Amino acid sequence: MRVLITVLALSAGAANAKCPAGQAVFISCQIEARKTVVKVCLGADRATYSYGPQGGPPELTLSEPLVSLGYTPWPGVGRAIWEDVTFTNGAYSYTVFGGFDRMFGDETEADHPTPHFGGVTVRQDDRIIAELTCDRRMTDYGAFGGDPIYEAKTAAGQEWDDRAQIWRDGSE
């Protein structure tokens, strides 16, 4: 039960929004009050996380197969449509979230000039060591709707358990 919505990032200032050819932007943004950029790109079977200075090479790049990537799909309720992915690197995890505010009733884009949002939570083991927020004016959130992560996981026999908020092997 997935709502398919295509979101195109219209922000001309989105930070380093481009992903390599054949990959789609999950999220790309400049971190608030910093000159750093976080970007997650989705390929046919892998997701890649990068973080580093704006305009420079990344300080950290991680890549994981879509089928094993930590992924929380949008639960289908609330004003905001969001989802997140988690990359691991030893004792560290990087949970990157992205989303957008929906409009209701008579609201227009003028009421929500910067609807896209995102950020990164960095953990060492289970302890949060950093929470970084994207500058909404510099955020390109473009993955929702095509949903290659969800499709890859279900094609591999995994099922999302809404109540437990975990992916399960479809044979369970």
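Let's start with Asp-135: its relative accessibility is 12%, and because anything under 20% counts as buried, Asp-135 is buried. This is a predicted model, so keep that in mind as we go through the links between side chains.

**The salt bridges**

Asp-135 has a partner. Its side chain meets that of Arg-137 in a salt bridge, with 2.8 Å from N to O. Arg-137 sits at 57% relative accessibility, so this residue counts as exposed. Here, then, a buried acid is paired with an exposed arginine.

How many salt bridges does the structure hold? There are three, and here they are side by side:

| Arginine | Aspartate | N to O distance |
|---|---|---|
| Arg-136 | Asp-101 | 2.6 Å |
| Arg-137 | Asp-135 | 2.8 Å |
| Arg-168 | Asp-161 | 2.7 Å |

Take the pair of Arg-136 and Asp-101, whose side chains meet at 2.6 Å. This one links distant parts of the chain: Arg-136 belongs to strand β9, Asp-101 to strand β7 (residues 92-101), and their positions lie 35 residues apart in sequence. Is Asp-101 buried or exposed? With 19% relative accessibility, Asp-101 counts as buried; the cut-off is under 20%. Arg-136, at 30%, counts as partly exposed.

The remaining row of the table joins Arg-168 to Asp-161. Arg-168 has a relative accessible area of 32%, so it is partly exposed.

**The disulfides**

Now for the cysteines. Searching the whole structure turns up two disulfides.

One of them joins Cys-19 and Cys-41, with 2.0 Å between the sulfur atoms. Which parts of the chain does this pair link? Cys-19 is in the segment before β1 (24-31), while Cys-41 is in strand β2 (residues 36-42), and the two are 22 residues apart. The angle about the S-S bond is -85 degrees, and the link is left-handed. As for how hidden these cysteines are, Cys-19 counts as buried at 17% relative accessibility, and Cys-41 counts as buried at 4%.

The other disulfide is made by Cys-29 and Cys-134, and here too the sulfur atoms are 2.0 Å apart. This link is left-handed as well, with -50 degrees about the S-S bond. Why does this pair tie together parts that are 105 residues apart in sequence? Because Cys-29 lies in strand β1 and Cys-134 lies in strand β9 (residues 127-141). Both Cys-29 and Cys-134 are buried.

How do the two links fit together along the chain? Number the bonded cysteines in sequence order and the pairing reads 1-3, 2-4.

**A stop at the loop**

One more residue deserves a visit. Where is Ala-33 found? Ala-33 is in the loop between β1 and β2. With a relative accessible area of 87%, Ala-33 is exposed; the cut-off for that word is over 50%. Ala-33 also makes a nice example of sequence distance versus distance in space: Ala-33 and Thr-133 are 100 residues apart in sequence, yet 9.2 Å apart from C-alpha to C-alpha.

**Putting it together**

Strand β9 is a good place to look again. It holds Cys-134, which is tied to Cys-29 in strand β1, and it holds Arg-136, whose partner Asp-101 is in strand β7. To find these links in the structure, follow the disulfide of Cys-29 and Cys-134 and then the salt bridge of Arg-136 and Asp-101.

How values were computed: Residues numbered from 1 in each chain as written. Predicted model: local features only at pLDDT ≥ 70, side-chain atom pairs only at ≥ 80, totals over all residues. Heavy atoms only, no water. Disulfide = S-S within 2.5 Å. Helix = DSSP H or I, 4+ residues; strand = E, 2+ residues; numbered from the N terminus. Buried < 20%, exposed > 50% of the residue type's maximum accessible area, 1.4 Å probe, protein only. Salt bridge = Lys/Arg side-chain N within 4 Å of Asp/Glu carboxyl O.
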